[in-house]
Structure formats: structure tokens, C-alpha cells
Amino acid sequence: MNQGPGSGLAAVSSALLAMSRHLEVRDVLKTIVASARELLDAEYAALGVPDDHGGFAQFVVDGISDEQWKAIGPLPRQHGILAAMLHQARAERLADVREDPRFEGWPAAHPDMSDFLGLPIRDGDEIIGALFLANKLRPEGHGGDAGTGGCGFTQQDEDLLGILAQHAAIALTNARLYERSRELTIAEERSRLAHELHDAVSQKLFSLRLTAQAAATLVDRDPARAKGELQQVAALAAEAADELRAAVVELRPAALDEDGLVATLRTHVQVLDRAHTARVSFDGRGVRALPAAQEEALLRVAQEALHNALRHSGAEAVEVSLHRRGPGAVLRVTDNGTGFDPRTVRRAGRHLGLVSMRDRASGAGGTLTVESAPGKGTTIEMEVPGG
């Protein structure tokens with residue numbers, strides 16, 4: 001592929017910017033591979049991150065369909081050319097990878113590959129991954145690189161991939177640090193919640209036990225007072241249940257990493273629909289993956305809005321929708337309950353958690369709007385810009 005200096009520089013710049021835009025390790029790996037394949041005009045590209053057991057912790061490909069990838073089978077082991085890239089500090093350019101003495105074959109469903117360019121990704125002296133490109137796409141009559149026995153990949157390609165690999169190392173290291181810091185934050189938050197849950201519920205249960213014992217001693221000689229104590233038992237039990245429910249809601253965003261926002265919201269709505277007499281429904285269409293902070297904020301606001309609608313509005317039906325809008329998304333929670341007068345928003349805001357919802361929305365770079373009127377229900381809408 002012939003490119004002028006200007007267009008080549010622009011392509012490199014775009015690739016580096018794309019890498020720096022992502023914080024999740026998997027997203028960074030996919031961006032690196034796609035950028036390398038496009039930049040060097042290759043049919044196939046792959047990036048492997050080794051584990052400590054002779055395999056790959058992650059192996060990302062580009063140019064192969066999902067169906068092809070499934071047919072190929074398990075992730076490759078660290079052997080042959082792949083192992084060489086992980087244990088040597090130099091690039092490899094081969095006219096035909098199949099004729100290299102280190103080549104050990106590949107699965108039947110694997111696409112046929114010939115010319116090959118591989119390069120380790122290094123963080124200081126440590127090799128943290130390797131980039132592989134195969135089958136250079138070139139115009140008819142392009143002679144390749146005479147110094148490598150006709151390999152389609154040139155020294156210029158190798159130099160360009162070297163620049164990409166240096167920035168890939170930075171992007172991958174940053175993504176790992178981000179994920180590690182998030183794991184630590186989640187662990188600290190879970191520990192804090194566990195302590196709060198233990199303290200709050202333990203106190204409630206202790207009071208509950210004492211009150212129940214008092215009621216038992218009064219039931220024969222003072223039934224009226226015993227009845228009052230039993231009413232207090234019921235109130236304390238309800239408070240303990242609320243404490244427990246609040247803690248569970250706080251822990252729920254962990255599902256975002258595994259299931260994604262749409263699936264997590266759908267599951268949450270299904271649980272609430274079974275647990276309440278009101279009908280709770282969900283509609284989610286066309287939403288792409290969003291930055292983690294925006295997804296968590298959307299989930300938190302949805303949970304708060306649903307809590308309000310089901311506990312305070314007297315609604316018979318609550319509808320939750322999440323739709324794509326440009327690169328971002330719009331969440332809408334609508335109920336047919338009692339509603340309130342927005343002019344009393346200061347009092348209602350404290351009561352319904354509107355202040356915290358607005359804080360969550362603005363903290364994620366989004367906006368929150370509230371529409372309500374007495375007897376007309378309430379609609380809470382949150383929009384985030386995407387990434």
C-alpha cells in the first residue's frame with residue numbers, strides 16, 4: 001500500500017490516539033491489533049499476552065471472523081514462532097512462515113498464511129506480549145523486500161511496527177494499572193460495605209432480640225404492652241431488611257464487568273418485577289459499550305429511580321428504557337404513580353434522592369432531567385455522552 005508521508009503520519013497518529021482512548025485491557029489489545037493490521041496493510045494480525053504456564057492469558061486477532069476463530073479451537077500454546085517472539089528481543093520477518101524450521105503447523109480451520117512479521121512488546125526488559133502480522137496485501141507487481149527473500153513486509157513496515165509496539169507497551173501497562181486500581185477500589189468498597197452491613201444489621205438484630213424477649217415476658221400479664229413490643233419487633237425487622245437490601249444494591253455493580261449494562265439492568269428489572277405487585281418492564285436497544293464510569297452511573301440512577309417509584313409513588317407500572325443516542329445513551333425510568341410538584345423540588349429532592357442522582361449524572365459527564373406533576377406520574381431521564 002503506497003502512502004505519502006502526510007497520510008502515513010496521520011494514520012500513525014490516529015492509531016496512537018485510539019490506543020490511548022481505552023482503559024480496559026481487552027479494548028486496548030483489540031485496538032492495537034486492528035491498528036497494526038490497518039497501518040501495515042496486512043490480511044491478518046494477532047497479539048498474544050503470555051501467562052506463566054506456557055500458554056496465553058489473552059490472544060486477540062483481527063481479520064478472522066468469530067465463526068473462524070471458534071472453529072480454530074483453543075488458544076495456541078507458546079511454541080514455535082510464537083515462543084520465539086516472547087523470548088527474544090528482535091523482530092522476525094519471514095517470506096514464508098511455513099518454511100521456517102520452527103514452524104509446527106496449525107489447526108485445520110486456521111487460515112493459510114505465508115509472509116510474516118512478528119515483534120515483541122516490551123516494558124523495559126520484560127516482554128509483556130507479541131504482535132504478529134501475516135499476508136501483506138500489496139498491489140500487483142510489488143516486489144517486496146529483496147533482503148528477506150521476497151517477504152512482503154519491508155524494513156519500513158518493521159520500523160513502523162516498532163513505533164506502534166512501544167506505544168502499545170505504554171497503553172497496555174496503563175490499562176493494567178487502571179484495572180488493578182479499580183480492583184483494589186472494589187475490594188476496599190466491599191470491605192467497607194461488609195463492615196457497615198455487619199454493624200448496622202447486627203445492631204438491628206440485637207434490638208430485635210431484646211424487644212422480642214420483652215414481648216414474651218409481657219404477653220401474659222400486660223397483653224396491651226406486649227402488642228406494642230411486637231409492633232416494634234415488626235418495625236425493627238423491616239429496618240434490618242432495608243439495611244440488607246441497600247447493601248446488596250451497593251454490591252450489584254460488580255455484574256457490569258461480566259454481563260454489561262443492558263444485561264445487568266434487565267436482570268435487575270426482572271428481579272424487581274417478581275418481588276413487587278407493580279409491573280416493572282425493561283426495553284434496551286442498540287446501546288454500545290460505554291466508559292465504565294458512565295455505565296455505573298446509569299445503573300445507580302436506574303436503581304435509585306426504581307426504588308423511588310416502587311416504594312414511594314404507589315405506581316402500578318414502571319417502565320425502564322435504555323437507548324442509544326449518538327455515541328452515548330439515554331436512560332428513562334417512567335412510572336404512573338402519584339408524582340409530585342417540581343416546584344417543591346428542594347423538599348422532594350431530599351426525599352427522593354434527586355440530589356444524589358444529579359451528582360452521579362454530572363460526575364459521569366451526563367445530565368439528569370425530571371418531569372413530574374401531582375397525579376401524573378414521574379419520568380427521570382439521564383443522558384451520557386459515551387466515549
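Reader: Happy to have this model open; in what order do the strands of the open sheet of 5 strands come?
Author: Good place to start, and do keep in mind that this is a predicted model. The pairing in this open sheet is mixed, and the edge strands, which pair on one side only, are β6 (279-285) and β9 (367-372). Reading across from one edge to the other, the order is β6-β7-β8-β10-β9.

Reader: How many degrees does the twist of that sheet average from one strand to the next?
Author: The sheet in question is the open one of 5 strands with mixed pairing. From one strand to the next, its twist averages 10°.

Reader: Which helix packs on the sheet, and what angle does its direction make with that of β9?
Author: The helix is α11, covering residues 354-363, and it touches β9 and β10 (378-384). One of these two, β9, is an edge strand of the sheet. The direction of α11 makes an angle with that of β9 of about 145°.

Reader: Within the sheet, which residue is the bridge partner of Val-320 in β8?
Author: Val-320 falls in β7, which spans residues 317-325 and runs antiparallel to β8, residues 328-335. These two strands are joined by 8 bridges. In β8, the partner of Val-320 is Val-333.

Reader: Turning to the backbone, what is the phi of Asp-41, which is not a glycine?
Author: You will find Asp-41 in the loop between α2 (25-39) and β1 (42-50). Asp-41 has a relative accessible area of 16%, under the 20% cut-off, so this residue counts as buried. Its phi is positive, at about 55°.

Reader: And Asn-135, which also has a positive phi: is it buried or exposed?
Author: Asn-135 lies in strand β5, residues 126-136, and has a phi of about 60° although it is not a glycine. Its relative accessible area is 9%; buried means under 20%, so Asn-135 is buried.

Reader: Which backbone nitrogen does the side chain of Asp-100 reach?
Author: Asp-100 sits in the loop between β3 (92-94) and β4 (116-123). With a relative accessible area of 12%, Asp-100 is buried, and leaving aside residues up to four places away in sequence, it touches Ile-81 and Leu-94. At 2.8 Å, its side chain reaches the backbone nitrogen of Arg-102.

Reader: Now the aromatic rings: why is the pair of Phe-56 and Phe-59 described as it is?
Author: A pair of aromatic rings is described by how far apart the centres are and by the angle of the planes. For Phe-56 and Phe-59 the centres are 5.1 Å apart. Their planes stand at 70°, and over 60 degrees is the range for this class, so the pair is edge-to-face.

Reader: Which residues do ring pairs link into a cluster?
Author: The count for the model comes to 5 aromatic pairs. Phe-56 is buried at a relative accessible area of 6%, and Phe-59 is buried at 10%. Both belong to the cluster, whose members are Phe-56, Phe-59, Trp-69, Phe-116 and Phe-132.

Reader: Stepping back to the whole protein, what percentage of its residues count as buried?
Author: The protein's secondary structure comes to 11 helices and 10 strands. Among contacts between residues at least 6 apart in sequence, 61% join residues at least 24 apart. The accessible surface comes to about 21100 Å², with 52% belonging to carbon and sulfur atoms. Of the 387 residues, the share that counts as buried is 40%.

Technical notes
Residues numbered from 1 in each chain as written. Predicted model: local features only at pLDDT ≥ 70, side-chain atom pairs only at ≥ 80, totals over all residues. Heavy atoms only, no water. Helix = DSSP H or I, 4+ residues; strand = E, 2+ residues; numbered from the N terminus. Buried < 20%, exposed > 50% of the residue type's maximum accessible area, 1.4 Å probe, protein only. Contact = heavy atoms within 4.5 Å. Areas by Shrake-Rupley, 256 points an atom, 1.4 Å probe, with all protein chains shown as cover. Pairing = 2+ DSSP bridges. Axes fitted to C-alpha atoms, helices over the stretch in contact; angles between N-to-C directions. Polar contact = N/O pair within 3.5 Å; in protein donor to acceptor, adjacent residues only side chain to side chain. Phe/Tyr/Trp six-rings, centres within 6.5 Å; stacked < 30°, edge-to-face > 60°.
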